[in-house]
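Work through these exercises with the sequence and the model open. Try each task before you read its solution.

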Amino acid sequence: MDTLQRFLFENAEVRGELVEISETWRQIQALKDYPGPVRTLLGEMVAAAALLSANLKFDGMIVMQMHGDGPVRLLVVECDAELRLRATAKLAPDAAVDASAGLAQLVNAHGNGRFAITLDPKDKLPGQQPYQGIVPLDGDSVAGVIENYMMRSEQLETRLWLAADRDVSRGLLLQKLPKEGGSGAPAGEEGDTWNHTVMLASTLRREELLTTDIDTLLRRLFWQETIRVFEPRHPSFQCSCTREKVGNMLKMLGREEVESALADLGQLAIDCDFCGRHYAFDKVDCAQLFAAETPGDAMQQANGVRH
Ligand SMILES: [Zn+2]
């Protein structure tokens, strides 16, 4: 079972999370056979999205996007407050992915790549817009990019260790907690737990992260520390696509565009990028989509006549 484990070091200066995602990750990859380096990036983002979602305790959807100007055009992962995930990657049409390519080469080939995190609240007030933070893609790892983001946007010192292959996506997050009032710690000792835990975690090699379950990792890394462990949580796969949302997308294209495509194709077939669900809209379906807008259109026409 996919698991996310939160824990707290006893003096409460540092908190951490470990996540292990395999079944969800398998479902995410079921549709597409990504080149190895793309799979690694997307898998690391999947682990990171679950870690951040549990870390920020935000009641809504976290959308993590990397917009690229190289072989990879877009990497997107969405995670809601229940740790339900979906993710997909879009490659450039003529993409050639070098087997050893890293993040910079894949997503930031011309220096125009950017990383965005959108926090979309579950219960929005009328007119409320989702919050979006965008940072440049400095660094050559998903972990580095997110660490920068957390520092800039949340003012939280955060370190991440991420790894993914075809079978599993795993990640470790450590975060230095802001001090509440005076700590009482003697001068010079502040930050000691933080530096110490980061040093312990930095012994973790990518191969070890890929091949070791999170219970073992937690024991192996921090066996000398006093740790409080919380109730584990379980990430899962879920796609939020619906026929209604696809219909809305067609409406945004506009009646003219849709009718012209219908004339060429007979019916419109749309496959969800995230889950592969197939949606078909024939002439009758499309007429119904735009029929719902008729009162507005009629009003416009009436106004047109009046002028
Ligand atoms: Zn879907």
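**Exercise 1. The whole chain**

What percentage of the 307 residues in the chain is buried?

*Solution.* Begin with the ground rules. This is a predicted model, where local features need pLDDT of at least 70, side-chain atom pairs count only at pLDDT 80 or more, and totals for chains, interfaces and linings use all residues. Residues are numbered from 1 along each chain as its sequence is written, and side-chain values use heavy atoms, with hydrogens and water left out.

Step 1. Fix the term: buried means under 20% relative accessible area, exposed over 50%, partly exposed in between (1.4 Å probe, protein chains only). Step 2. Read the share: 45% of the 307 residues are buried. Step 3. Add the extent: the C-alpha trace spans about 80 × 45 × 40 Å along its principal axes. Step 4. List the elements: the chain has eleven helices and 13 strands. Helices (H or I, at least four residues) and strands (E, at least two) are DSSP runs, numbered from the N terminus.

**Exercise 2. The five-stranded sheet**

Give the strand order of the open sheet of five strands, and find the helix H7 that packs on it.

*Solution.* Step 1. Two strands pair if DSSP finds at least two bridges between them. Step 2. The order is S8-S9-S2-S1-S10, with antiparallel pairing. Step 3. Strand S8 (158-164) and strand S10 (227-229) are the edges, each pairing on one side only. Step 4. The twist averages 15 degrees from one strand to the next. Axes are lines fitted to C-alpha atoms, for helices over the stretch in contact, and angles run from 0 to 180 degrees between N-to-C directions.

Step 5. Look inside the sheet. Strands S2 (residues 14-21) and S9 (residues 169-176) are joined by eight bridges. Glu-17 has Leu-173 in S9 as its bridge partner. Step 6. Helix H7 (residues 214-222) touches S1 (3-9), S2, S9 and S10, and its direction makes about 20 degrees with that of S1. Contact means heavy atoms within 4.5 Å.

**Exercise 3. The six-stranded sheet and two helices**

Describe the open sheet of six strands, then the packing of H2 and H4.

*Solution.* Step 1. The order is S7-S6-S3-S4-S5-S11, with mixed pairing. Step 2. The edges are strand S7 (131-136) and strand S11 (236-237). Step 3. Strands S3 (residues 60-67) and S6 (residues 114-121) run antiparallel, joined by eight bridges. Gly-60 stands opposite Pro-121 in S6. Step 4. H2 packs on this sheet, touching S3, S4 (72-79), S5 (84-91) and S6. H4 lies across S3, S6 and S7, at about 125 degrees to S7.

Step 5. Now take the helices together. H2 (residues 36-56) and H4 (residues 142-154) pack at about 30 degrees, with their axes 10 Å apart. That makes H2 roughly parallel to H4, since angles under 35 degrees count as roughly parallel, over 145 as roughly antiparallel, 65 to 115 as roughly perpendicular and the rest as oblique. Step 6. The contact includes Leu-41 and Met-45 of H2, and Ile-146 and Met-150 of H4.

**Exercise 4. One glycine**

Is Gly-70 buried or exposed?

*Solution.* Step 1. Gly-70 sits in the loop between S3 and S4. Step 2. Its relative accessibility is 8%, so Gly-70 counts as buried. Step 3. Beyond its neighbours within four places in sequence, Gly-70 contacts Ala-92, Leu-106, Val-107 and Ala-109. Step 4. Gln-105 is 35 residues from Gly-70 along the chain, yet their C-alpha atoms are separated by 6.8 Å.
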